[in-house]
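Good morning, everyone. Please have the sequence and the 3D view open. I'll go through one model, piece by piece.

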Amino acid sequence: CATEPSPAQEIGKDGTVWTVMEPCGGAGRRQKQNILTESAGPTPHARHTITDKLTAFMCLCDSVHIVGRNIEMESFWSEQWSNAFFNATLSRNRFREIMRYLRFDKKETRRCRLTTDKFTHVRKVWDRFVDNSIASYRPGSDITVDEQLFPTKSRCPFTQYMPNKPDKFGIKFWLAADVDSKYMLNGFPYLGKDASRPATQRLGENVVLRLVEPFVALLAKNTSLVGTIKRNKRELPPSVQGRSELFSTKVHQERKRKPETVEYYNHSKVGVDVLDQMARQYSVARVDGPLLFL
């Protein structure tokens, strides 16, 4: 901008200091923190590992899990009732051997671990999946942080009721997704009040910092953050609270136009929503047989 901006400051009820910059006409240069210098896409580790669909799956889920419940497993190898799929996949003796040793976690220590971690039943599997996701993909310039409700009817101490979601009941996950590819970059479940969260840190701030930590340090790299905020929040300046309209969207030649911030938010906010839609296209619900992941 040719002319020097004249800053003015306002202070929210909680002490947050806001600096208001006078707008200047014309499009200026993009700020340095919004310029991506690294190319997005699979990491060298992923490109070296992935050769086909199976190795792509194994790059993220590098464990074998077989689940069966309330089913007479032996019948799947019966000469009269069996399905050819099971005989072609593995022998009955091999299946028995796997079931002897395969566990999501150690049952002997589960009760003790439950006292400190409600998610302990699948913690090791989930954390391994997230670590692989982070190691396999380098995100682009835009990352969306949002919530996902994973529908379930199981008895769970941290099931949430969310009336604005299609399934209403389920386990809530906080996810970070790459906006362009809709790739899941990071995530963790909401298990209720988190004792490790600093008392001075709000939930939303804590969630964002945890999810983007493997990729950027927000303050150190001057990363831009765009999101919505309720008008009654204490950190907002007095000029914003209680107003139905902050600024006019009329710009050059009195033409109405959405502010750049709003257009950018609308473009980047759908990362997790589309990821959720894609995940719903493939059901992993329990069927009348063992659910086999290779």
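Start with a definition. Helices and strands here are DSSP runs, at least four residues for a helix and at least two for a strand, numbered from the N terminus. So what is the loop between β8 and β9? That is where K182 sits. We'll come back to K182.

First, a caution. This is a predicted model. The mean pLDDT of the protein chain is 76. Of its residues, 72% reach 70 or more. Which strands mark the extremes? Among the elements, strand β9, residues 184-189, has the highest mean pLDDT, at 94. Strand β10, residues 291-293, has the lowest, at 38. Two stretches stay under 50. Residues 1-5 are one of them, and the model has 2 contacts there beyond four places in sequence. Residues 286-294 are another, with 28 such contacts. Keep that in mind when you look at those stretches.

Now the overall picture. The protein chain has 9 helices and 10 strands. It has 294 residues, and 25% of them count as buried. How far apart in sequence are the contact partners? Take contacts between residues at least 6 apart: 58% of them join residues at least 24 apart.

Next, the core. In soluble globular proteins, nonpolar side chains tend to be buried together. Here, the largest nonpolar core has 13 residues. Which of them touch the most other members? F119, F158, F173 and L175. Three elements each supply at least two residues of this core: α6 (123-136), β8 (169-178) and α9 (271-279). Strand β8 gives the most, with 4 residues. Look at F119 up close. Leaving aside its neighbours within four places in sequence, F119 is in contact with W126, F158, F173, P189 and L191.

Stay with α9. Its buried residues are G271, V272, L275 and D276. Seen down the helix axis, they fall within an arc of 130 degrees, so they line one face of α9. Why can residues spaced like that share a side? An α-helix has 3.6 residues a turn, so residues three or four places apart point the same way. And what covers the buried residues of α9? The cover includes β6 (143-151), β8, β9 and α8 (260-268).

One of those elements, strand β6, holds E147. Is E147 buried or exposed? It counts as buried, because its relative accessibility is 18% and the limit for buried is under 20%. Again leaving out neighbours within four places, E147 is in contact with M162, K165, K172, F173, W174 and V272. Notice two names you have already heard. F173 was in the core list, and V272 was among the buried residues of α9.

Now for two lysines. K168 is in the loop between β7 (160-161) and β8. It has a positive phi of about 70 degrees, although it is not a glycine. K168 is partly exposed, with a relative accessible area of 34%. Back to K182, in the loop between β8 and β9. Its phi is near 65 degrees, also a positive value in a residue other than glycine. But K182 counts as buried, at 18% relative accessibility.

Let's go to the front of the chain. A46 is in helix α1. At 1% relative accessibility, A46 counts as buried. Find S136 as well. A46 and S136 are 90 residues apart in sequence, yet 5.0 Å apart in space, C-alpha to C-alpha. Not counting residues up to four places away, A46 touches C59 and S136.

After α1 (44-49) comes a loop, and D52 is in it, between α1 and α2 (53-60). D52 is partly exposed, at 41% relative accessibility. What does its side chain meet? It makes a polar contact with the side chain of T55, at 2.8 Å.

Last stop: the cysteines. How many disulfides does a search of the whole structure find? The search finds 0. Take C61. Why is C61 not in one? Its closest cysteine sulfur is in C59, 9.8 Å away, and that is too far for a bond. A disulfide would need the two sulfur atoms within 2.5 Å. C61 counts as partly exposed, at 26% relative accessibility.

That's my tour. Questions, please.

Methods
Residues numbered from 1 in each chain as written. Predicted model: local features only at pLDDT ≥ 70, side-chain atom pairs only at ≥ 80, totals over all residues. Heavy atoms only, no water. Buried < 20%, exposed > 50% of the residue type's maximum accessible area, 1.4 Å probe, protein only. pLDDT = per-residue confidence, 0-100. Contact = heavy atoms within 4.5 Å. Core = buried A, V, L, I, M, F, W, Y, C linked by side-chain atoms within 4.5 Å. Arc of directions from axis to C-beta. Polar contact = N/O pair within 3.5 Å; in protein donor to acceptor, adjacent residues only side chain to side chain.
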